[in-house]
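Reader: I should like a close look at how the secondary-structure elements of this chain are arranged against one another. Please take the helix contacts and the sheets in turn, and finish with one loop residue.

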Amino acid sequence: MRQANPWSALRRLTTEAEVEATVGRPASVIMLKQISALDEGCRTVLAGCPIAAVGYRDADGTSRTTFVGGTPGFARVHSPTRLSFALPGPGDPHGPISFFFLLPGVGEVLRVNGSVAARQGAETTVDIREAYVHCAQAVLRSRLWQPPSPAEPVAGITGDGPLCRPGVVEFLAAAPFLALSTWDDSGGSDTSPRGDRQAVARVLDGRTLVVPDRKGNKRADTLHNLLRDDRLSFAALVPGRSGVLQVRGRGAITDDPALLETMALRGMPPHLALLIDVEHAEVTGNDAVARSRLWTPGARLGRDTVPDLMALGGEHLAAGSAAAEGGPPAFLLRAVGAIPGMTRLLRLVIDRLYRSGLRKEGYEDDGPTTRGRHRGFPRRRPADAGRPVTGGRAVTGGRAEDPLREVRVAEVRGETPSAVTLVLEDVGESPGSFDFRPGQFFTLVADIGGRPVRRAYSASSAPGSPRLEVTVKRVEDGRFSTHAHQNLRVGDRIAVRGPSGSFHAEPQPPDEIVLVAAGSGVTPMMSMIRTRLAVGSGRDRIALLYSSRTAQEVIFAEELTRLATDNPGRLSVTHVLTHWDGRLDAAGVRRWITGLSPAPGAHYYTCGPVPLMDAVQDVLTELGVPAELVHHERYTSGADTGTAGTVPQEMAVEEDGRPVGTAVVEPGQTLLDAGLAAGLPMPYSCTVGNCGDCMVRLRAGEVTLNEPNCLTPRQKADGHVLACVSCPLSKVTLDITDP
């Protein structure tokens with residue numbers, strides 16, 4: 001039986017008159033900044049924004065708040081009154097929905113409210129009701145974009161409520177910022193930022209929190225909503241961590257002097273506080289936070305990347321004034337805004353007002369800035385931007401970059417009944433080229449069911465083209481391959497990382513190459529063939545032995561026939577159909593190779609099932625072919641990480657025994673994702689356990705390692721793990737020294 005809340009005796013505010021007597025009424029100019037559709041400035045902000053807080057309710061009324069996105073432009077604008085985005089589970093949103101969009105390094109946020117219009121899989125479409133710029137006070141109070149401060153000591157709590165779950169109190173003690181969602185009784189929703197020094201929400205007991213309500217712009221949407229509907233939810237952030245604390249419960253407003261005094265800053269208490277009776281609290285990994293890399297230097301936006309949000313708010317004020325009576329003249333506002341240098345002057349004035357307001361609330365004067373460069377974070381050098389990554393460490397200024405590249409599906413081409421080729425190109429007006437070595441693979445990343453799924457596929461096209469082709473064979477119960485075959489359409493967006501892998505043609509290719517493939521193992525061979533025939537000298541020789549189950553399952557059948565016909569003496573293709581000819585074994589491989597009489601310097605490439613590659617290796621060893629002339633490609637399944645911890649774990653990273661840094665690995669998160677989100681120089685390339693570039697030594701602790709993977713038994717015995725497919729079961733220490 002649930003115990004009575006010991007804080008229920010505190011005085012509560014229950015009417016709008018009581019709230020407005022303390023908070024006041026918002027000035028009319030505040031309400032005039034609200035617009036009913038996304039203008040050009042809003043669309044520019046959304047195009048550059050990598051993350052947003054969103055609040056919604058399920059069909060059963062369960063309140064939820066989380067962070068979504070991960071890459072700039074994740075919110076796709078379809079019209080001035082409609083946008084869509086991928087919303088991960090759990091829950092199926094219905095009715096009102098609200099957002100605020102965060103720009104890394106920027107204080108102000110763009111708030112958007114509306115209602116759910118449609119839902120297809122994870123893709124959620126929203127009809128927009130209103131949008132406006134919110135002031136920077138919450139971000140500045142929390143120092144969200146500055147280096148994190150040490151967490152307050154965690155005091156013991158009483159009771160056995162939701163806040164006693166593993167990791168919750170520790171997260172709250174370090175969380176200076178949260179997104180708080182509330183609803184009214186007329187179909188409206190509001191998600192607003194809250195920030196404070198150290199902990200933004202204070203723990204009173206195992207099921208009760210208090211959040212100070214300090215002076216703001218007097219809109220007080222949250223307070224007014226709670227008077228009508230006390231159900232709320234919030235999602236809290238800790239700078240440097242990629243996890244999110246999700247809380248839901250019921251809220252009340254109090255002005256109890258004794259309680260407010262406990263939250264005073266330099267003797268100045270907040271004017272009100274929110275008491276939250278917590279029904280659910282859980283720390284979870286959050287892909288949007290991890291992928292956004294919010295606290296790494298490269299995430300900061302320069303002055304020319306997006307419009308100044310205060311200037312955008314001024315444009316909204318002019319638009320609102322034009323449609324309202326009694327407001328400031330719209331033409332005068334526009335004329336003032338058009339004066340050269342006025343935006344910069346306005347920014348200086350607003351920053352001084354922010355600083356003055358914070359001092360009056362009891363905050364120390366940090367000299368806050370809300371645009372561009374922030375204290376403690378150097379601006380990324382232009383020469384570092386867009387650095388290609390093909391493996392090993394990707395580091396900028398001592399921090400790791402995430403070379404995810406957003407692409408759109410330009411064509412989906414059927415090759416066989418069970419194989420399709422995805423033709424991919426950059427999003428935007430100036431597509432770049434895809435540069436790699438023939439035979440290398442790319443990691444494809446797609447949101448499936450609201451979760452990112454990563455799989456590695458070899459490029460089947462030649463390098464240097466503005467279009468990348470990867471051929472995907474459908475695998476039974478394969479999440480990505482099923483998605484590619486059933487759901488991907490022209491215009492859909494995914495991401496790619498790479499290239500990766502050491503299975504590729506030499507920079508100075510030999511005159512003769514011998515290729516042995518089975519099934520989809522022909523895809524890297526096709527890239528080699530296309531490249532060689534396009535730029536070869538004419539003296540080279542390519543021989544392909546290709547095993548397929550039936551004639552209908554021969555990938556690239558027509559093109560291989562055409563290329564062999566058009567290039568006699570340069571390309572020969574031998575097919576083995578196992579449905580008729582039986583399985584290709586060592587004897588068959590030996591007969592074919594001896595019949596070719598390859599030159600002594602020929603290179604051999606094989607890709608396919610392990611038994612076939614082992615057979616080819618045995619034959620080549622018997623024939624005395626040197627090991628350096630033989631190349632293999634082995635793929636793992638790319639399955640999702642299996643057993644994972646249910647509580648956050650600390651990860652310490654060393655290099656040659658010297659401390660590099662620490663990170664917190666959230667439940668369900670890999671060692672690599674946590675390290676990269678914290679800006680640590682983790683080695684990696686494919687991120688799916690195929691290439692081995694993320695191999696590190698486990699110095700202390702215990703992890704679960706996804707199988708199968710590319711580690712050898714000797715490497716495992718020596719204490720090595722793959723950071724990209726490993727999750728901690730305890731506190732761990734890693735050594736990232738290149739083995």
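Author: What follows describes two helix pairs, two sheets and a loop residue in a predicted model.

Two packed helices are described by the angle between their axes and the distance between the axes. The first pair to consider is helix H16, residues 586-596, with helix H17, residues 610-622; their axes come within 9 Å and cross at roughly 50°. That angle makes H16 oblique to H17. In hand, the crossing of H16 and H17 is right-handed. On the H16 side, the contact is formed by Ala586, Val589, Arg590 and Ile593, which meet Leu612, Ala615, Val616, Val619, Leu620 and Glu622 of H17. By character, the residues in this contact of H16 with H17 comprise eight nonpolar and two charged, with no polar residue.

The second pair is helix H13, residues 522-535, with helix H14, residues 557-566. Here the axes come within 12 Å, and the crossing angle is roughly 30°. An angle under 35 degrees counts as roughly parallel, and H13 and H14 are therefore roughly parallel to each other. The crossing of H13 past H14 is left-handed. H13 contributes Met526, Ile529, Arg530 and Leu533 to the contact, while H14 contributes Glu559, Leu560 and Leu563. Five nonpolar and two charged residues make up the contact of H13 with H14, and no polar residue takes part.

Next come the sheets. One is an open sheet of seven strands, ordered S2-S1-S5-S6-S7-S4-S3, in which the pairing is antiparallel. Its edges are strand S2 (63-69) and strand S3 (76-79), each of which pairs on one side only. From one strand to the next, the twist of this sheet averages 30°. At the S3 edge, S3 pairs with strand S4, residues 82-86, in the antiparallel sense over three bridges. Within this part of the sheet, Arg76 stands opposite Ser84 in S4. Helix H3, residues 40-48, packs on the sheet and touches S3, S4, strand S5 (93-102) and strand S6 (109-120). The direction of H3 makes about 80° with that of S6.

The other sheet is also open; its five strands run in the order S29-S28-S34-S30-S32, and the pairing is mixed. At its edges stand strand S29 (658-665) and strand S32 (720-722); each has a single partner strand, so one side of each is left without a neighbour in the sheet. The twist in this five-stranded sheet averages 35° from one strand to the next. The partner of S32 is strand S30, residues 695-700, and the two pair in the antiparallel sense over three bridges. Across this pairing, Val696 stands opposite Val721 in S32.

The loop residue is Thr296, which lies between helix H8 (287-292) and helix H9 (309-322). Thr296 has 6% relative accessibility and so counts as buried, the cut-off being under 20%. Leaving aside neighbours within four places in sequence, Thr296 is in contact with Leu676, Ala677 and Gly679. The C-alpha atoms of Thr296 and Gly240 are separated by 8.5 Å, with the two residues 56 residues apart along the chain.

How values were computed: Residues numbered from 1 in each chain as written. Predicted model: local features only at pLDDT ≥ 70, side-chain atom pairs only at ≥ 80, totals over all residues. Heavy atoms only, no water. Axes fitted to C-alpha atoms, helices over the stretch in contact; angles between N-to-C directions. Helix = DSSP H or I, 4+ residues; strand = E, 2+ residues; numbered from the N terminus. Parallel < 35°, antiparallel > 145°, perpendicular 65-115°, else oblique. Left-handed = near helix turned anticlockwise from the far one by under 90°. Contact = heavy atoms within 4.5 Å. Nonpolar A, V, L, I, M, F, W, Y, C, P; charged D, E, K, R; others polar. Pairing = 2+ DSSP bridges. Buried < 20%, exposed > 50% of the residue type's maximum accessible area, 1.4 Å probe, protein only.
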